[in-house]
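Colleague: Could you take me through one part of this model slowly, as if I were new to reading structures? I would like a close look at the sheet in the second chain, and then a short tour of what surrounds that part.

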Amino acid sequence: MAVPQAKYDATEARLAQMQRPAGAGWAEAARDAALARVREMGLPHRRDEYWKFTRPDTLVQPEVPEAALFDADEPEMFGTFDRLKIVFVDGVFDAEASDDLSLEGVEIERLAEVTRTDIHWARDHYGVLEARGQAPVARPLAALNTGMAGDGVVLRVTGKVSKPINLVYHHRATTSEAVLHHLVKLEEGAALTLLENGPAAARFNNVMEVEVADGANFQHIRTQGRDHERRAATHIFGRLGQESVFKSFTMTANGVLTRNECVLEFTGDDAVAHVAGAAMGDGDFHHDDTVFVTHDAERCESRQVFKKVLRNGATGVFQGKILVKAGAQKTDGYQISQSLLLDENSDFYAKPELEIYADDVACSHGSTSGAIDEEALFYLRARGIPRETATDLLTLAFLAEAVEEIEDADLRAEIVERLEGWLTRRRG
Amino acid sequence: MLDINNLHVDLEDEDKSILKGVDLKVGAGEVHAVMGPNGSGKSTLSYVLSGREGYEVTEGSATLEGADILDMDPEERAAAGLFLAFQYPVEIPGVGNMTFMRTALNAQRKARGEEEMSASDFLKLVREKAKTLKMDPDMLKRPINVGFSGGEKKRNEILQMAVLEPKMCILDETDSGLDVDAMKLVAEGVNALRGKDRSFLVITHYQRLLNHIVPDVVHIMANGRIIKSGGPELALEVEEQGYEDIKAEVA
């Protein structure tokens, strides 16, 4: 099918503006293939069904919209955790600010290096899950990323890694653009906690491909920074082997435009995948969670838990799908997306979908949107808790189900503290 | 302690008057019971006093130790020493019972210019009070009232009362939905809190709760007014004769 003219023009304009990194033969081939996918699909357009609730214009246009810098006057995210830090400033690796890239149980490399190496395990994985994720729904910004990303981390996890790896993204220039592509491969029985935090750039395109082999365990916790004017399009592509575990949680406070896509595929039996998000926004905040989970194995469990707190005209979007293929018997699929609208000007759009071809499955989904419960508010106030504190308590309670998805108690506490901070700062 | 004068209250959304001139004085350390048939305005009285939205005071006044409470926000009334034990305690998933009580206690202390209580002191206090109410410590960790039985919810109300140590306690049909054993436990909890500086207004439909919490004064409320007041024997009269006879008698 030919790409419509407007879309073709927009795609070519963007491609012409970007600089393609050079690399070894296999990387060149992977990038050629990815850019061919981009041209075949065309970059997102606001008339695309998949972008019905989120305008992609500013993610697609060649010019990066200016984003003011934000100076956080608070303790560094995950700062109290023993972790291995890998820092990117406006998408550029910062060796000085990063820790030594050696840690037992994991080989840590950078995409910029491995794509210059002729023989590397990454050649059989780079862009593979992204390409698989292009059907049945096109995700052209992810293909653009595969074609243009010059750096990122390449992790091969062979054991149970003792401390988290933390990707830290700083935003320092008002019109910077970051395109990072991470490759994570957990070998059989391996375990890794990966943390990501920060706004990354004025415009950020991030892709993470995660292979979770049989019995492996991947825990991912991400916060997207405090900068409000930044724009981000992120994709996580995960493939799960037998009895593996994949858990991903994202906290988003602020951001004029965020589109977080997560595309997961169960290929081995008895695996578990949980994807969760807590987003809070004010004013011209726009946050979109788009999730696609494919069950192609038996007895797997998937959970999607997304909560959004919206105020002063903020917008939240959830598009979540569970696809259960024929033969994926005993699938346990759960999906909930809820918004708490703190005033009448804020909007929440939800598109939950189930598509099931197996006959012995348990799948449920729910989506709600509502205001603070007045009965609960009065109960708290009648005990002496001031209205604002009571509203905050109820807001945190609303977000709790998503935050509970974080397995590690300390990391969960860190996230709760940040959520409380956000609420406190917004008090009159 | 509590002084209610000629209180008139309308429902805000409808043009309907519920309280039509309530006069009630509860002295320090006294226990008063308000009895009345359904729709007499008993629960409205408790809600108006605690500051629930949706009611409009058209006439009259209510003061707590001389301070006009009708102009206060619900949280200010609580800090001033007013406590409403809810007829239907609200379930709040996601907010832990302990967090809730500690936030409430410290908010009240802060509002009164007092020092906040430390986490460890608070824990000690709550555990001790919970024990006397025979509450499972597990209930303290659970979200507020979530998964509690009817009796557990009411005991949780009394626990909050014991922790917050209010001056004026209003019990809104605390006996509703309780079996005899649960009612006894709740009554014991209340009786333990009786003292010369603490007053109670016990709102109830039936006399049976008053066997356990013996009042100093009983008021009969009907059609938005207090139509008769007397000693504890008045409650027995209601039990025997029903409200209709008393209404006829005063009419």
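Modeller: Happy to! One definition will help us along the way: a residue counts as exposed if 12 or fewer other C-beta atoms lie within 10 Å of its own, and as buried if there are 20 or more. Please keep in mind that this is a predicted model. For chain B the mean pLDDT is 91, and 100% of the residues reach 70 or more.

Now to the sheet. Chain B has an open sheet of 6 strands, and its order is E6-E9-E10-E3-E11-E12, with mixed pairing. At the edges you find strand E6 (82-85) and strand E12 (225-230) of chain B, each of which pairs on one side only. From one strand to the next, the twist averages 20 degrees.

Let us zoom in on one pair of neighbours. Strand E9 (residues 168-172) and strand E10 (residues 199-204) of chain B run parallel and are joined by 5 bridges. If you want a spot to rest your eye on, try B:Ile170, which stands opposite B:Leu201 in E10(B).

Helices lie across this sheet. Helix H1 (residues 42-50) of chain B crosses strand E3 (31-35), E6, E9, E10 and strand E11 (217-222) of chain B, and runs at about 140 degrees to E9(B). H6(B) lies across E6 and E9 of chain B, at about 165 degrees to E6(B).

H6(B) also leads us to the partner chain. Between the two chains, 21 residues of chain B are in contact with 16 residues of chain A. On the chain B side, helix H2 (74-80), strand E7 (92-96), helix H3 (97-111) and helix H6 (150-164) each supply at least two residues. H3(B) gives the most, with 5 residues. Sorted by class, this side of chain B has 13 nonpolar, 5 polar and 3 charged residues. H2(B) has another distinction: among the elements of chain B its mean pLDDT is the highest (96), while helix H9 (residues 233-250) of chain B has the lowest (82). For the complex, the predictor gives an ipTM of 0.95 and a pTM of 0.89.

Before we leave chain B, here is where our definition comes in. B:Asn6 is found in strand E1 (residues 2-11) of chain B. B:Asn6 counts as exposed because it has 12 C-beta neighbours inside 10 Å. Its phi is positive, about 45 degrees, although B:Asn6 is not a glycine. That is worth a second look, because most residues other than glycine have a negative phi.

What about the partner? Chain A has 9 helices and 20 strands. Its radius of gyration is 21 Å, close to the 22 Å that the globule rule gives for 428 residues, so chain A is as compact as a globular protein of that length. Of those 428 residues, 53% count as buried.

A:Phe306 makes a nice contrast with B:Asn6. A:Phe306 lies in strand E16 (residues 301-311) of chain A, and is buried because 27 other C-beta atoms lie within 10 Å. Leaving out residues up to four places away in sequence, its contacts include A:Ala276, A:Phe318 and A:Ala402.

Finally, look at the loop between helix H5 (128-132) and helix H6 (140-148) of chain A, where A:Pro136 sits. A cis peptide bond joins A:Ala135 to A:Pro136, with omega about 5 degrees.

Key
Residues numbered from 1 in each chain as written. Chains lettered and ligands numbered in written order. Predicted model: local features only at pLDDT ≥ 70, side-chain atom pairs only at ≥ 80, totals over all residues. Contact = placed C-beta atoms within 7 Å. Helix = DSSP H or I, 4+ residues; strand = E, 2+ residues; numbered from the N terminus. Nonpolar A, V, L, I, M, F, W, Y, C, P; charged D, E, K, R; others polar. pLDDT = per-residue confidence, 0-100. Rg over C-alpha atoms; globule rule 2.2 N^0.38 Å. Pairing = 2+ DSSP bridges. Axes fitted to C-alpha atoms, helices over the stretch in contact; angles between N-to-C directions.
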